[in-house]
Amino acid sequence: MAKPKVFVKTYGCQMNVYDSQRMESALAAEGYAATGSAEGADLILLNTCHIREKAAEKVYSELGRLRALKAQRPGLRIGVAGCVAQAEGAEILERAPVVDLVVGPQAYHRLPAMLEAVAAGARPVETDFPPEDKFEHLPREGRRSAVSAFLTVQEGCDKFCAFCVVPYTRGAEVSRPAERVVDEARSLVARGAAEITLLGQNVNAYADPAGATLAGLIARLARIDGLERIRYTTSHPNDMGADLIAAHGCEAKLMPYLHLPVQSGSDRVLRAMNRRHTAAAYLDLIGRIREARPDIAMSGDFIVGFPGETEADFEATLDLVAEVGYAHAYSFAYSARPGTPAAGRPEVDPEVKADRLARLQARLTAQQRDFQNGLVGKLLPVLLERPGRMPGQVAGRSPYLNAVHLDAGADRIGSVVAARILSSGSNSLHAALAY
Ligand code: SAH
Ligand code: SF4
Ligand code: F3S
């Protein structure tokens, strides 16, 4: 008999991408083959995101589409995983009768037992934070890993920014033991990874039960032969320790790119957001990081239209952006999330929000273009990751995380090559192999 097929559809952040892969491995151990589309799948899992209203609503429109598919194929099973599952739990079963199971991010190792319950006619919901560690109970992938792989080292958040659902959907900060992380990194490298991005909602708050910090973990990982590049994301400004800053100056495998969200440039708004740092403290921190690594590419996240944000507050954000000079950034209009402290506060007019978002995005896009243009003519080490869209083309990444396209080098995928940057497009660089 053919193996049953599972399709895991991923929304949201990289931590969900990593979890989806681990769910596929857990189900492979149960005899499921992973597939890339809903057509022909026997089990569909939506790994969802709750961060903004739009993200959460996407799930229900997808479930609407799946209802038609299930009407044609009654044997199809549908599960909701991820942060919407955690936030809404059994409510999802009520709102979407098509759903067979609901599983929160800390309970993925319970999927096989849940599927047995579904087969017996139940609609199980698992949204506890069980005392056992899900990672220890999820098998690792047996197949080849991507050239650039994700590895979750920390989960959860204790920061409670006033707008954010993550502390509720992912729970308290927990770090995986360094030993386990190093083992998993070795196995990823043995299966073809040349770059590892360490993931955590607050990855720089990483604290191994035995006392290692993120900088200590990076130093250990850097000793793995065959691992060429290390990155980490996402960091909180208040957890940027002196040892981690120093690592950017002396650890050759640690890439010169840092995603360090600030959200706003106004101290008044930062206080209302419960960010627990000022704009000046953030700028001072970046100054220290640039002392350690002058060419570091900075990235950030911004929220515009947080309740109470005035035009002057917004201009303070534009000033901060001008001062930092971001290589890359994400920006969002504030979206009230149920259960968060900011949810009941009077909101900024939607048109004002949209206008501020457009103005901020124009500045950030210009900075990204300037950063990319500044690389034209340079010789950069590029990690070749996969074939490009055009035949013969190869896609890779610069140390600064820019997407780079080359017209040759398909036989060198998985290695770092020297490339001359020829030109800069809207979201990527074009380069030629230098030797
Ligand atoms: N742990 C990370 C990122 C969390 S979510 C951090 O602390 O930075 C990713 C980004 O989504 C946030 O940085 C923020 O910019 C945005 N975000 C979170 N909640 C939001 C909300 N309610 N409305 C709009 N954007 C939000
Ligand atoms: Fe959310 Fe703030 Fe935690 Fe980031 S630090 S996950 S924005 S609560
Ligand atoms: Fe979204 Fe959950 Fe990640 S809310 S951003 S999938 S931690």
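Which residues are the closest to ligand 1, and how many surround it? The legends below begin with this site.

**View 1. The surroundings of ligand 1 in the predicted model.** The shell of ligand 1 holds 14 residues, and the closest are Phe-163, Gln-201, Gln-263, Asp-301 and Ser-335; a residue belongs to such a shell if one of its heavy atoms lies within 4 Å of the ligand. By class, the shell around ligand 1 comprises 7 nonpolar, 4 polar and 3 charged residues. Here Ala, Val, Leu, Ile, Met, Phe, Trp, Tyr, Cys and Pro count as nonpolar, Asp, Glu, Lys and Arg as charged, and the others, Gly among them, as polar. Strand E13 (297-304) and strand E14 (328-333) each contribute at least two residues to this shell; helices (H or I, at least four residues) and strands (E, at least two) are DSSP runs, numbered from the N terminus.

As for the model itself, it is predicted: local features need pLDDT of at least 70, side-chain atom pairs count only at pLDDT 80 or more, and totals for chains, interfaces and linings use all residues. Residues are numbered from 1 along each chain as its sequence is written, chains are lettered from A and ligands numbered from 1 in the order in which they are written, and side-chain values use heavy atoms, with hydrogens and water left out.

**View 2. Polar atoms around ligand 1.** An N or O atom in the side chain of Arg-52 is 3.1 Å from an oxygen atom of ligand 1. A polar backbone atom of Phe-163 is 3.0 Å from a nitrogen atom of the ligand, and a backbone N or O atom of Ser-335 lies 2.8 Å from a nitrogen atom of ligand 1. Taken alone, ligand 1 exposes 530 Å², of which the protein buries 89%; accessible areas come from the Shrake-Rupley method with a 1.4 Å probe.

**View 3. The loop that holds Gln-263.** Gln-263, one of the closest residues to ligand 1, is found in the loop between strand E12 (257-259) and helix H11 (267-272). Its phi is positive, near 75°. Most residues other than glycine have a negative phi.

**View 4. The shells of ligands 2 and 3.** Ligand 2 is surrounded by residues including Cys-157, Cys-161, Cys-164, His-236 and Arg-275, and by class its shell has 7 nonpolar, 2 polar and 2 charged residues. Phe-163 also belongs to the shell of ligand 2. Around ligand 3 stand Cys-13, Asn-16, Thr-48, Cys-49, His-50, Ile-51, Cys-83, Arg-170 and Gln-201. The shell of ligand 3 divides into 4 nonpolar, 4 polar and 1 charged residues.

**View 5. The closed barrel of 5 strands.** The barrel runs E15-E16-E17-E19-E18, with mixed pairing; two strands pair if DSSP finds at least two bridges between them. Strands E15 (residues 379-387) and E18 (residues 416-424) run antiparallel and are joined by 5 bridges, and Val-382 has Val-417 as its bridge partner in E18. E16 and E17 form a hairpin with 5 residues between them, and Leu-401 in the turn has a positive phi of about 75°. E17 pairs with strand E19 (residues 428-433) in the parallel sense over 4 bridges.

**View 6. The contact of helices H10 and H12.** Ile-245, His-248 and Gly-249 in H10 meet Leu-285, Arg-288, Ile-289 and Ala-292 in H12, where contact means heavy atoms within 4.5 Å. The residues of this contact comprise 4 nonpolar, 2 polar and 1 charged.

Methods: Polar contact = N/O pair within 3.5 Å; in protein donor to acceptor, adjacent residues only side chain to side chain.
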